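The following exercises practise the reading of secondary structure, packing and burial from a protein model. Each task is followed by a solution in steps.

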Amino acid sequence: MAAATGVELGAEKSYVVQSRLSILARTLGFGHVRDLMSEVVTGKTPGLQERVVDALLNKETFFFRHPETFEALRRHILPQIQASPGRSGPIRIWSAACSTGQEVYSIAMMLADAGLCQRDGDVEIMATDYSLSAIEQAMQGSYSQLEVSRGLPAPCLLRFFRQEGHRWLVAPWLRRNIRFVRSDLFSGMVLPGFFDVVFCRNVAIYFSDAGKERLYARVARSMTPGGYLLVGGTECASRHSSTLFQEQWKNVVYYRTKVGQ
Amino acid sequence: MKALTVDDSKLIRKLVADCLVALGFEVGEASNGEEALLYLLQQGTPDLIVLDWNMPHMGGLEFLTRMRKLDRFKGIKVIMLTARNEMSAVQMAMNAGADEYLMKPFSPEFLESKIRMVGLLSE
């Protein structure tokens, strides 16, 4: 797990591991978790190790999680980027570890509300996740009633979704500026100096200190000089990076790389 | 702050009331639109109404439409809480003056998030 994704599950997570693997073992027809793991060790079943890792990843997410972060993007960060001297080209945003897509669509909805994301090329958004099942759902932009009930304001539901049977689908026009890529943060691709804003929230909490340093080094490398990094409420990027500096807008803490770095 | 829960199900009223009380609201109850109108006229104006759609005597949409016609009730925040889960129903409720829409089944966490969306709870 750690080798594949950087995510470390300590002994305190043994119940979670057991319960998630039990579900997978049952789904795949194994009598017990140890039978599943024995099969993984033999390496005889293609893709089995990947399914185990996928099952163990925490995919918890919902629309506009910590709404104040999206307010900070809209009211503080975007205006600052747009006012940067000599700036041209699309605003580039990366949703790192996007899980099933609620975060990246929340970003897109917020941008659309700010008058962006309306035509091709005014923004470029990339969303990545290691989990194949999560990134597939994110790409489809298809959500259950329960999922759209979590955090999504009704006006957004009306404006950005359409209903198909029991599923709620993100409008194609909102999706067209988003590129979904299956990639892990630990060893996947890095686009140096590319992104104006990176969302990497509730990811580092699963990493060791060494893993956090490696993660934030890679994230910082992907950011433009003076770029913005948004992390989860309990995460502190500057503690694990010498190139990210803390700033604050209202009660939202975010991190920046040096301007002209 | 004051809130009113309007639902013909006693169980749902209790679930909603428990959630609202935990958030610091003083909560009144009504079991249909007629009772809710009476409540407003007799007990005063709450800050929030959590409103079911399908109820006997007077449903939630009719209540909402009537209430919004009266100037003194225009500022009340209304969250529609209903089993109706079609896009057209969400649109109708918002057009009639609902501030938010939550589909049943729901959890207290979802309701709290909707209350924050209508601006009644600060962080």
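The model is predicted.

**Exercise 1. Identify what covers the buried residues of helix α4 of chain B.**

Step 1. The covering elements include, from chain A, α9 (154-160), β4 (161-164) and β5 (167-170). From chain B they include α3 (60-69), β4 (77-82) and β5 (100-103).

Step 2. The residues thus covered belong to a helix that spans residues 87-96 of chain B; its buried residues are B:Met87, B:Ala89, B:Val90, B:Ala93, B:Met94 and B:Ala96.

Step 3. An α-helix has 3.6 residues a turn, so residues three or four places apart point the same way. This rule can be applied to the list in Step 2.

Step 4. After α4(B) comes B:Gly97, with a positive phi near 115°.

**Exercise 2. Describe the open sheet of chain B and the helices that lie on it.**

Step 1. Establish the order. The five strands are arranged as β2-β1-β3-β4-β5, and their pairing is parallel.

Step 2. Find the edges. β2 (26-30) and β5 of chain B each have a single partner strand, so one side of each lacks a neighbour in the sheet. On average, neighbouring strands are turned by 20° against each other, direction ignored.

Step 3. Examine one pair. Strand β3 (residues 48-51) of chain B is joined to β4(B) by four bridges in the parallel sense. Within this pair, B:Val50 is opposite B:Ile79 of β4(B).

Step 4. Add the helices. α4(B) packs on the sheet and touches β4 and β5 of chain B, its direction making about 145° with that of β5(B). Helix α2 (residues 33-43) of chain B lies across β1 (2-6), β2 and β3 of chain B and runs at about 160° to β1(B).

**Exercise 3. Characterise the packing of α5 against α6 in chain A.**

Step 1. Two packed helices are described by the angle between their axes and the distance between the axes. For α5 (residues 67-82) and α6 (residues 102-113) of chain A, the angle is about 45° and the axes are 10 Å apart.

Step 2. Because of that angle, α5(A) is classed as oblique to α6(A). The crossing of α5(A) and α6(A) is right-handed.

Step 3. List the contact. A:Phe70, A:Glu71, A:Leu73, A:Arg74 and A:Leu78 of α5(A) meet A:Glu103, A:Ser106, A:Ile107, A:Met110, A:Leu111 and A:Asp113 of α6(A). These residues comprise six nonpolar, one polar and four charged.

Step 4. Consider A:Arg75, also a residue of helix α5 of chain A. A:Arg75 is partly exposed, its relative accessible area being 49%. A:Arg75 and A:Ala114 are 39 residues apart in sequence, yet their C-alpha atoms are 9.0 Å apart.

**Exercise 4. Is A:Thr224 buried or exposed, and which residues does A:Thr224 touch?**

Step 1. A:Thr224 belongs to strand β8 (residues 223-231) of chain A.

Step 2. The relative accessible area of A:Thr224 is 15%. Buried means under 20%, so A:Thr224 is buried.

Step 3. Leaving aside residues up to four places away in sequence, A:Thr224 touches A:Gly193, A:Phe194, A:Phe195, A:Asp196 and A:Thr257.

**Exercise 5. Analyse the hairpin of β9 and β10 in chain A.**

Step 1. Strands β9 (residues 245-249) and β10 (residues 252-256) of chain A run antiparallel and are joined by five bridges.

Step 2. Across this pairing, A:Glu247 stands opposite A:Tyr254 of β10(A).

Step 3. Two residues lie between the strands, and A:Lys250 takes a positive phi near 50° in this hairpin.

Note on methods
Residues numbered from 1 in each chain as written. Chains lettered and ligands numbered in written order. Predicted model: local features only at pLDDT ≥ 70, side-chain atom pairs only at ≥ 80, totals over all residues. Heavy atoms only, no water. Buried < 20%, exposed > 50% of the residue type's maximum accessible area, 1.4 Å probe, protein only. Contact = heavy atoms within 4.5 Å. Pairing = 2+ DSSP bridges. Axes fitted to C-alpha atoms, helices over the stretch in contact; angles between N-to-C directions. Parallel < 35°, antiparallel > 145°, perpendicular 65-115°, else oblique. Left-handed = near helix turned anticlockwise from the far one by under 90°. Nonpolar A, V, L, I, M, F, W, Y, C, P; charged D, E, K, R; others polar.
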